[in-house]
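Q: Could you walk me through this structure while I look at it? I'd like to go residue by residue at the start and then step back.

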Amino acid sequence: MEVIKGKYLNPKADLTFKKIFGEHEDLVMSLLNALLPLDEGKQIEHVEYLMPEMVPENPGKKNSVVDVRCRETGGRHFIVEMQMNWNSEFQQRVILNTAKAVVKQLGTSEDYSLLQPVYALNLINDVGFDAGPDEFYHDYAIVNVDHSDRIIEGLRFVFVELPKFKPQTIAEKKMAVLWLRFLTEIDRDTEEVPQELLDNPDTCKALKILEKSAYNEQELYAYEYYWDAVYNERGAIRHGYKQGMAQGMAQGMAQGMAQGMAQGMAQGIEQNKRENAQRMKADGLPAELIAKYTGLSIEDVNSL
């Protein structure tokens, strides 16, 4: 594993992201107020954390875990996810987790009028949308197809492509710029931090949480393992794409190049996930952590 060089850890890692935004209500509230499309006068003033594990009511249904899940006191629900590598399943997982957050609000005898809106903020360290190079912020709501100004309130999905972000792309929202700079400019090689991040109390507090000296040996080991898994998955995606291209061409038009490419990519990625999971399991990492890092289910990890 590569040795951490700088003073700070990368805030996008699973360990650090959850420590910053999953343990400090003021910081997740600041992030949500900065990046969500909240109406004027409806800023979040207080939140409480909820269990990140989204356990279904029916034991036969799919279990899932989100990075951060919280609720405004007496009101709106929020899910925050950091996704390192874009894949076709991510959007579907966002929809599933957001729908679960709606369903879990009501008991069997409670009235539908008690349902509160759910916002999903998804930060992506990859390019996943077929949009222009400056279109990094994607805001989705339930709208009327013919009249997009008519919205059914209740669900809101925001996707932020971090690699596309440039400070000048946001003109007025200062806090949004600061949080996005924090997420895109701070990494393992950072020695000197931009003064603007040090001057702001929220990003300054987050920077102190990121200091390498605040983590014990086991945490730093898990941090490094996380990045190994990210890079391996990214390599598997590239390998799967190349393998799919070759396989699709070999199979020819009869079966279709697209089908061959998709099959080859899926096989390559799945095999790489399992190999990573086996190494992590041999090193004694918990099944829940392995599932989070690799994208496998806890059941698949336990069966290895």
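Q: Where is Ala 141 found?
A: In this predicted model, Ala 141 is found in strand S7, which covers residues 137-143.

Q: Is Ala 141 buried or exposed, or does it count as something in between?
A: Ala 141 counts as partly exposed, because its relative accessibility comes to 27%.

Q: What does Ala 141 touch, leaving out residues up to four places away in sequence?
A: With those left out, Ala 141 touches Ile 151, Leu 155 and Arg 156. In addition, the C-alpha atoms of Ala 141 and Glu 153 are separated by 7.9 Å, and those two residues are 12 apart along the chain.

Q: Now His 77, where is that, and is it buried or exposed?
A: His 77 belongs to strand S5, residues 77-83, and at 7% relative accessibility His 77 counts as buried, since the limit for that is under 20%.

Q: Which residues is His 77 in contact with?
A: Leaving aside neighbours within four places in sequence, His 77 is in contact with Leu 50, Cys 70, Arg 71, Ala 101, Gln 105, Gln 116, Pro 117, Val 118 and Tyr 119.

Q: Arg 71 caught my eye there; what does it form a salt bridge with?
A: Arg 71 forms a salt bridge with Glu 48, and the closest N and O atoms of that pair are 2.9 Å apart. Arg 71 lies in strand S4 (residues 68-72) and Glu 48 in strand S1 (residues 47-49), so the salt bridge ties together parts that are 23 residues apart in sequence. As for accessibility, Arg 71 is partly exposed at 28% relative accessible area, and Glu 48 is also partly exposed, with a value of 28%.

Q: Which residues are joined into one network by salt bridges that share partners?
A: Those are Arg 181, Glu 185 and Glu 196, which shared partners join into one network.

Q: And how many salt bridges does the count come to?
A: The count comes to 11 salt bridges. One of them pairs Glu 211 with Lys 7, where the closest N and O atoms are 3.9 Å apart. Glu 211 sits in the loop between helix H6 (201-210) and helix H7 (217-255), while Lys 7 is in the segment before helix H1 (14-21), so this pair ties together parts 204 residues apart in sequence. Glu 211 is partly exposed with a relative accessible area of 21%, and Lys 7 is partly exposed with 39%.

Q: What about Asp 14 and Lys 18, where do they lie?
A: Both lie in helix H1, four residues apart, which is about one turn of the helix, and they form a salt bridge whose closest N and O atoms are 3.5 Å apart. Asp 14 is buried, with a relative accessible area of 7%, whereas Lys 18 is partly exposed, with 25%.

Q: Switching to helix packing, at what angle do H1 and H6 pack?
A: H1 and H6 pack at about 135° with their axes 10 Å apart, and they are therefore oblique to each other. H1 passes H6 in a right-handed crossing.

Q: Which residues meet there?
A: Thr 16, Lys 19 and Ile 20 in H1 meet Ala 206, Ile 209 and Leu 210 in H6. By class, the contact of H1 with H6 has four nonpolar residues, one polar and one charged.

Q: And how do the axes of H2 and H6 cross?
A: The axes of helix H2 (residues 25-35) and H6 come within 10 Å and cross at roughly 125°, which makes H2 and H6 oblique to each other, and the crossing is left-handed. The contact is made by Asp 26, Leu 27 and Ser 30 of H2 together with Asp 202, Lys 205, Ala 206 and Ile 209 of H6. Those residues divide into three nonpolar, one polar and three charged.

Q: How many residues of H2 are buried?
A: Nine of the 11 residues of H2 are buried, so H2 is largely enclosed by the rest of the structure. Among the buried ones are Leu 27, Val 28, Met 29 and Ser 30.

Q: Stepping back, how many helices and strands does the protein chain have?
A: The protein chain has 10 helices and eight strands, and 44% of its 304 residues count as buried. Of the contacts with a separation of 6 or more, 62% are accounted for by residues 24 or more positions apart.

Definitions and conventions. Residues are numbered from 1 along each chain as its sequence is written. This is a predicted model: local features need pLDDT of at least 70, side-chain atom pairs count only at pLDDT 80 or more; totals for chains, interfaces and linings use all residues. Side-chain values use heavy atoms; hydrogens and water are left out. A salt bridge is a side-chain nitrogen of Lys or Arg within 4 Å of a carboxyl oxygen of Asp or Glu. Helices (H or I, at least four residues) and strands (E, at least two) are DSSP runs, numbered from the N terminus. Buried means under 20% relative accessible area, exposed over 50%, partly exposed in between (1.4 Å probe, protein chains only). Axes are lines fitted to C-alpha atoms, for helices over the stretch in contact, and angles run from 0 to 180 degrees between N-to-C directions. Angles under 35 degrees count as roughly parallel, over 145 as roughly antiparallel, 65 to 115 as roughly perpendicular and the rest as oblique. A crossing is left-handed if the near helix is turned anticlockwise from the far one by less than a right angle, and right-handed if clockwise. Contact means heavy atoms within 4.5 Å. Ala, Val, Leu, Ile, Met, Phe, Trp, Tyr, Cys and Pro count as nonpolar, Asp, Glu, Lys and Arg as charged, and the others, Gly among them, as polar.
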